[in-house]
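User: I am new to this structure and would like a close look at a single part. Please choose one buried spot, start there, and then show me how it fits into the rest of the chain.

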Amino acid sequence: LFIVVCVPESLPTRPKTWGAPITWEQADPFSTLRSGMGNHHILQLGLIILLSYLPEAAQYSCMFLYLRQVIHFSADEVATFIAVIGVLSVTFQTLILAFLYNCVGHKTTMVIGLAFQVLQLVWFGLGLSKWVMWC
């Protein structure tokens with residue numbers, strides 16, 4: 001019943017009237033990049049996002065292996081570590097981040113977040129024992 005009611009593939013087709021069709025020139029990603037390169041703020045924001053997500057993606061994909069092979073966590077310790085990090089992440093993003101936005105502003109909050117991310121990655125990279133991971 002859920003699939004019949006909610007999944008878009010099962011709903012009857014109806015013509016979409018979203019306006020004029022998009023041309024290939026409008027959908028060209030390289031023209032978007034060229035226009036973004038001319039604006040200093042967009043270029044800076046894109047670089048910040050790239051440099052922020054790159055180590056974070058590597059951390060997410062390698063963390064489990066690192067904890068098991070280098071730090072010698074058991075499967076239960078890895079699961080507990082992930083759960084604790086998840087709860088702390090949700091708490092920080094909902095409570096502390098909103099407080100920082102109101103107190104110091106968006107830009108300063110971003111700089112503080114990036115600085116703490118660098119500290120976290122250095123801490124995880126240099127730490128070779130279990131107690132370091134839990135600090």
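Analyst: Let's start with Thr 109, which is buried because its relative accessible area is 4%, and under 20% counts as buried. Please keep in mind that the model is predicted. Thr 109 sits in helix α5. Its side chain reaches back to the backbone oxygen of Gly 105, at a distance of 2.5 Å. What does Thr 109 touch once its neighbours within four places in sequence are set aside? Its contacts are Leu 97, Leu 100, Tyr 101 and Val 104.

Now move along the helix. Helix α5 covers residues 106-126, and Gln 117 belongs to it as well. Gln 117 has a relative accessibility of 12%, so this residue also counts as buried. Again leaving out neighbours within four places in sequence, Gln 117 is in contact with Ser 52, Pro 55 and Glu 56. Helix α3 spans residues 40-69, so a glance at that helix comes next, as the definition of helices by residue runs lets you place these partners.

On the surface, Leu 45, Ile 49, Tyr 53 and Met 110 form a nonpolar patch of about 390 Å². Helix α3 contributes the most to this patch, with 3 residues. One residue to pick out is Ile 49, which is found in helix α3. With a relative accessible area of 40%, Ile 49 is partly exposed.

Met 63, also in helix α3, gives a contrasting view. Its relative accessibility is 11%, so Met 63 counts as buried. Beyond residues up to four places away in sequence, Met 63 touches Phe 81 and Phe 124. The C-alpha atoms of Met 63 and Phe 124 are 9.2 Å apart in space, while the two residues are 61 residues apart in sequence.

Which residues make up the largest nonpolar core? There are 9 of them: Met 63, Leu 67, Ile 71, Phe 73, Val 78, Phe 81, Phe 124, Val 132 and Met 133. Helices α3, α4 and α6 each supply at least two residues of this core. As a general point, nonpolar side chains in soluble globular proteins tend to be buried together. Val 78 is a good member of the core to click on: outside its neighbours within four places in sequence, Val 78 is in contact with Phe 64, Leu 67, Arg 68 and Phe 73.

Next comes a charged pair. The count of salt bridges comes to 1, and it is formed by the side chains of Glu 77 and Lys 130, at 3.1 Å from N to O. Glu 77 lies in helix α4 (residues 75-104) and Lys 130 in helix α6 (residues 130-134), so the pair ties together parts that are 53 residues apart in sequence. Are these two residues buried, partly exposed or exposed? Glu 77 counts as partly exposed, at 26% relative accessibility. Lys 130 is partly exposed too, with a relative accessible area of 32%.

The loop between α3 and α4 deserves a stop as well, for His 72 has its place there. With a relative accessible area of 56%, His 72 is exposed. Its phi is near 65 degrees, a positive value in a residue other than glycine. For background, most residues other than glycine have a negative phi.

Earlier in the chain, Leu 33 lies in helix α2, residues 29-38. At 53% relative accessibility, Leu 33 counts as exposed. Leu 33 and Leu 43 are 10 residues apart in sequence, and their C-alpha atoms are 9.2 Å apart in space.

Finally, step back to the whole chain. It has 6 helices and 0 strands, following the pattern α-α-α-α-α-α along the sequence. Buried residues make up 13% of its 135 residues, and Thr 109, our starting point, is buried. Among contacts between residues at least 6 apart in sequence, 54% join residues at least 24 apart. The chain exposes about 11200 Å², with carbon and sulfur atoms supplying 73% of that area.

Definitions and conventions: Residues numbered from 1 in each chain as written. Predicted model: local features only at pLDDT ≥ 70, side-chain atom pairs only at ≥ 80, totals over all residues. Heavy atoms only, no water. Patch = residues over 30% accessible without salt bridge, like charges linked within 9 Å, V, L, I, M, F, W, Y side chains within 5 Å. Areas by Shrake-Rupley, 256 points an atom, 1.4 Å probe, with all protein chains shown as cover. Salt bridge = Lys/Arg side-chain N within 4 Å of Asp/Glu carboxyl O. Helix = DSSP H or I, 4+ residues; strand = E, 2+ residues; numbered from the N terminus. Buried < 20%, exposed > 50% of the residue type's maximum accessible area, 1.4 Å probe, protein only. Contact = heavy atoms within 4.5 Å. Polar contact = N/O pair within 3.5 Å; in protein donor to acceptor, adjacent residues only side chain to side chain. Core = buried A, V, L, I, M, F, W, Y, C linked by side-chain atoms within 4.5 Å.
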